[in-house]
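I opened this notebook page to record what I looked up in one model, going from the whole chain down to single side chains.

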Amino acid sequence: MDISSSSSSSSVQAQKELKVEEQEERHEKFVYHLETCFNVINHGLIAYVTIYLSYYSYARGFGNLFTWHIFLCSVGYQFFMAESLLTLLSSNSWTDRYSIVTKRRLHWILQVIGCGAIVAGTIIEICLKERAGRKLFRSDHAITGLVSLIFIGLSFLNGVAALYTVKIRHLVKPIYVKMCHYLTGIVAFVIGMTSLALIYSPTMISTQHRNMIIAFTTITTALTLIGVCKTIFTQLRPKKQ
């Protein structure tokens, strides 16, 4: 009698656990598909703004050095920096099939190209202002751009340190190095995108297009940050035994 009751109780408990697991699996699938949907939207907005600003630069003419400043900094932040942050996201549409090692390589490649474009575009603008005898870093756009560059440098240094966490783990915990890299990268990206939004003036593009580009840039920044924060949370969360 006791054996039969115990067996029945175990069976009911097993069925409950199975239902919970099925619910969790359905929830994870729903969240994954939702993330993938927003990820595709994000890529679309990144592509649109990048193409729009590239065409704008082409229309201005690349014979004008200031056009190169606009083009290099826009593409550097809007495309390469944003895409580099998305590469490590598990639901990222074009890197989900790759191993973590390949994702990290792509992240580094995109970061280096983006940083190179941003630095080159900034140097061009500095040279133009020096030649014209104008003071540097006076506008909100210029100040935020400079602050972003500083954090890009810090993020780059933290990223190099993150590559050698195994060798320096006796000095500092690897998770601290990674968190510093993530945080400095996030700050650099957000301030850099803010700097881009500040330069979209009615004299540059129409008010209608200006509002649209700023809206798309804001959405892109928000969706990218959500993905990065999820990656950070996943790494900080204790692993199930």
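The entries below follow the order in which I looked things up.

**Entry 1: ground rules.** I am working with a predicted model, in which local features need pLDDT of at least 70 and side-chain atom pairs count only at pLDDT 80 or more, while totals for chains, interfaces and linings use all residues. I number residues from 1 along each chain as its sequence is written, and the side-chain values use heavy atoms, with hydrogens and water left out.

**Entry 2: the whole chain.** I looked up the secondary structure and found seven helices and zero strands, where helices (H or I, at least four residues) and strands (E, at least two) are DSSP runs numbered from the N terminus. Along the sequence the pattern reads α-α-α-α-α-α-α. Of the 241 residues, 36% count as buried; buried means under 20% relative accessible area, exposed over 50%, and partly exposed in between, with a 1.4 Å probe and protein chains only. The accessible surface of the chain comes to about 14800 Å², and 66% of this belongs to carbon and sulfur atoms; the areas come from the Shrake-Rupley method with a 1.4 Å probe, and for residues only the protein chains shown count as cover. I also noted that, among contacts with a separation of 6 or more, residues 24 or more positions apart account for 72%, a contact being heavy atoms within 4.5 Å.

**Entry 3: helices α3 and α4.** I checked the length of α3 (residues 100-132), whose 33 residues should span 48 Å at 1.5 Å a residue, and its end C-alpha atoms are indeed 48 Å apart; the expected span is 1.5 Å times one less than the number of residues. After α3 comes Gly-133, with a positive phi near 75°. In the loop between α3 and α4 I found Phe-137, a residue other than glycine that nevertheless has a positive phi, near 55°; Phe-137 is partly exposed, at 31% relative accessibility. Helix α4 (residues 140-163) has 24 residues that should span 34 Å, in agreement with the 34 Å between its end C-alpha atoms. The buried residues of α4 include His-141, Thr-144, Ser-148, Ile-152, Ser-155 and Asn-158. What do the buried residues of α4 pack against? They pack against α2 (65-86), α3, α5 (165-168) and α6 (174-199).

**Entry 4: polar residues in α1 and α2.** I looked up Asn-42, which lies in helix α1 and is buried with a relative accessible area of 1%. Leaving out residues up to four places away in sequence, Asn-42 touches Leu-86, Thr-220, Leu-223 and Thr-224. Thr-50 is also placed in α1 (residues 2-60) and is buried at 12%; with the neighbours up to four places away not counted, Thr-50 touches Val-75, Gln-78 and Phe-79. Ser-74 lies in α2 and is buried at 6% relative accessibility. Beyond its neighbours within four places in sequence, Ser-74 is in contact with Leu-53, Phe-79 and Leu-196. Ser-74 and Gly-114 are 40 residues apart in sequence, and their C-alpha atoms are 9.6 Å apart.

**Entry 5: cysteines.** How many disulfides does the rule give? The count is zero, taking a disulfide as a pair of cysteine sulfur atoms within 2.5 Å. I noted that Cys-73 is buried at 8% relative accessibility, whereas Cys-127 is partly exposed at 43%.

**Entry 6: rings.** I counted eight aromatic pairs; rings of Phe, Tyr and Trp (its six-membered ring) pair if their centres lie within 6.5 Å, and planes under 30 degrees apart count as stacked, over 60 as edge-to-face and the rest as tilted. Tyr-48 and Tyr-52 form a stacked pair, 6.4 Å centre to centre with 20° between the planes, and both lie in α1, four residues apart, about one turn of the helix. The pair of Tyr-55 and Tyr-58 is tilted, because its ring centres are 6.5 Å apart and its planes stand at 40°; both of these residues are exposed. Tyr-48, which is partly exposed at 35%, forms one aromatic cluster with Tyr-52 and Phe-216. Lastly, I found the charged end of Arg-97 over the ring of Tyr-98, 5.9 Å from its centre; the rule asks for NZ of Lys or CZ of Arg within 6 Å of the ring centre and within 35 degrees of the ring normal.
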